[in-house]
Amino acid sequence: KKTINYMGNTATTFNEQIALLEKRGMVIDMEPNKVKEILLDIGYYRLGFYWHPFVIDDNHNLLEGIKFSDIVNLYYLDVDLRNILTRYLNRIEINFRTKIVYYVSNKFKLSPTWFIDPKIVSQDFINDIDKYYSSDFKKSNKPIKKHHQKYLNDKYAPAWKTLEFFTFGVVLKIFKNLHDNDIKERISNIYGVKNMNKFISLIETLVLLRNTCAHGGVLFDLKIPKGISKIPEIEFNNNDRMSLDSSIKVVLYFLQKISNDRKCDLEKSINEIFEKYRNNGFVKRIIEGDINYIYK
């Protein structure tokens, strides 16, 4: 029985996939069984995202000298970046959420479910609350489920429980929809950003990066559609405000406001990841070109 994978609209065997890559100019520099193992593990289609930067014409021919191991290395560069960034983005997300819950909940003590209170949050957000506070949301988050089992008449759990399980994106929506500008400014000032529009733009960058990591998206060619807002404390390489390196600089900026030790940890880890590929010409080309990282 042949093991098959899919390429375009036609199912193909691993042998056919390898033959096609060789025809297009890729150097298969691993044992055939290892190549098949990798194709079965990662998939031909997904690996295609990583050799795509080296395609030189409409016939999908590849840059001369590109090796299968180069593509695998680029893939694992992405994996390593995704894993390390997810860890530190989670730290920022929790910190941001905690500040919103603390300041709003303490200012409006008589409204424990203030996220659906039209005096506190805009009606536009409240109209969409069932998208976020759905039956699945109540079932899949144990503390929320337990709350509703104990308090049968509560339509919603208090904000300090609920926001803990809302996504980073939904928490940002709540922040943007707060009526109380004093609280919003207090939080943005904690992170050292005076301009509210710029602060929101920076958090949106973090949410986009977090979602890309969470859903297994390709990182090396990440581009921030509108560009990252400029603030004096962040110096972007070559004034580029769209690349992954620029997004990482935003992560480092926010981490420094939370814990300088964590900021240093991330910076060291990122530099170590890129340093592994300093002598790999093809991967280094992506690191310097697409990611826009500058080697020291």
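**Close-up 1. The second largest pocket encloses about 250 Å³ of space.** This view, like the others here, comes from a predicted model. Ten residues would be a lot to label at once, so let us start at the middle: of the 10 residues in the lining, Arg-24, Tyr-44, Gly-48, Trp-51 and His-60 lie nearest the centre of the pocket. Helix H3 provides the largest share of this lining, with 5 residues. Sorted by class, the lining of the second largest pocket has 6 nonpolar, 3 polar and 1 charged residues.**Close-up 2. Helix H3 crosses helix H4 at an angle of about 90°.** H3 covers residues 44–51 and H4 covers residues 68–107, and the two axes are 9 Å apart. That angle makes H3 roughly perpendicular to H4. On the H3 side, look for Arg-46, Leu-47, Tyr-50 and Trp-51. Their counterparts on H4 are Phe-68, Ile-71, Leu-74, Tyr-75, Asp-78 and Arg-82. The contact of H3 with H4 has 7 nonpolar and 3 charged residues, with no polar ones.

**Close-up 3. Helix H2 packs against H3 with the two axes 7 Å apart.** H2 runs over residues 32–42, and its angle to H3 is about 100°. H2 and H3 are therefore roughly perpendicular to each other. From H2, the contact takes in Ile-38, Leu-39 and Ile-42. H3 answers with Tyr-44, Arg-46 and Leu-47. By class, the contact of H2 with H3 contains 5 nonpolar residues and 1 charged residue, and no polar ones. Readers coming from the previous view will recognise Arg-46 and Leu-47, which also belong to the contact of H3 with H4.

**Close-up 4. Helices H1 and H2 pack at an angle of about 105°.** H1 spans residues 14–23, and its axis is 10 Å from that of H2. H1 and H2 are therefore roughly perpendicular to each other. The H1 residues to find here are Phe-14, Asn-15, Gln-17 and Ile-18. They meet Val-35, Lys-36, Leu-39 and Leu-40 of H2. The contact of H1 with H2 divides into 5 nonpolar, 2 polar and 1 charged residues. Leu-39 is a handy landmark in this view, as this residue of H2 is also part of the contact with H3.

**Close-up 5. The largest pocket holds about 420 Å³ of space.** Its lining is made up of 19 residues, and those closest to the centre are Glu-235, Lys-249, Leu-252, Lys-263 and Glu-267. Helix H13 (244–258) and helix H14 (260–275) each contribute at least two residues to this lining. H13 gives the most, with 7 residues. In terms of class, the lining of the largest pocket comprises 8 nonpolar, 3 polar and 8 charged residues.

**Close-up 6. A salt bridge joins Arg-210 to Glu-93.** The closest N and O atoms of this pair are 3.7 Å apart. Arg-210 belongs to helix H12 (residues 196–214) and Glu-93 to helix H4, so the salt bridge ties together parts that are 117 residues apart in sequence. For readers who would like to explore further, a search of the whole structure finds 15 salt bridges.

Conventions. Residues are numbered from 1 along each chain as its sequence is written. This is a predicted model: local features need pLDDT of at least 70, side-chain atom pairs count only at pLDDT 80 or more; totals for chains, interfaces and linings use all residues. Side-chain values use heavy atoms; hydrogens and water are left out. Axes are lines fitted to C-alpha atoms, for helices over the stretch in contact, and angles run from 0 to 180 degrees between N-to-C directions. Helices (H or I, at least four residues) and strands (E, at least two) are DSSP runs, numbered from the N terminus. Angles under 35 degrees count as roughly parallel, over 145 as roughly antiparallel, 65 to 115 as roughly perpendicular and the rest as oblique. Contact means heavy atoms within 4.5 Å. Ala, Val, Leu, Ile, Met, Phe, Trp, Tyr, Cys and Pro count as nonpolar, Asp, Glu, Lys and Arg as charged, and the others, Gly among them, as polar. On a 1 Å grid over the protein atoms alone, a cavity is a set of points where a 1.4 Å probe fits but cannot get out, and a pocket is an open set with protein on both sides within 12 Å along at least five of seven lines; lining residues have an atom within 4 Å of a point. Grid points are joined across faces, edges and corners, and a volume is the space filled by probe spheres set on the points. A salt bridge is a side-chain nitrogen of Lys or Arg within 4 Å of a carboxyl oxygen of Asp or Glu.
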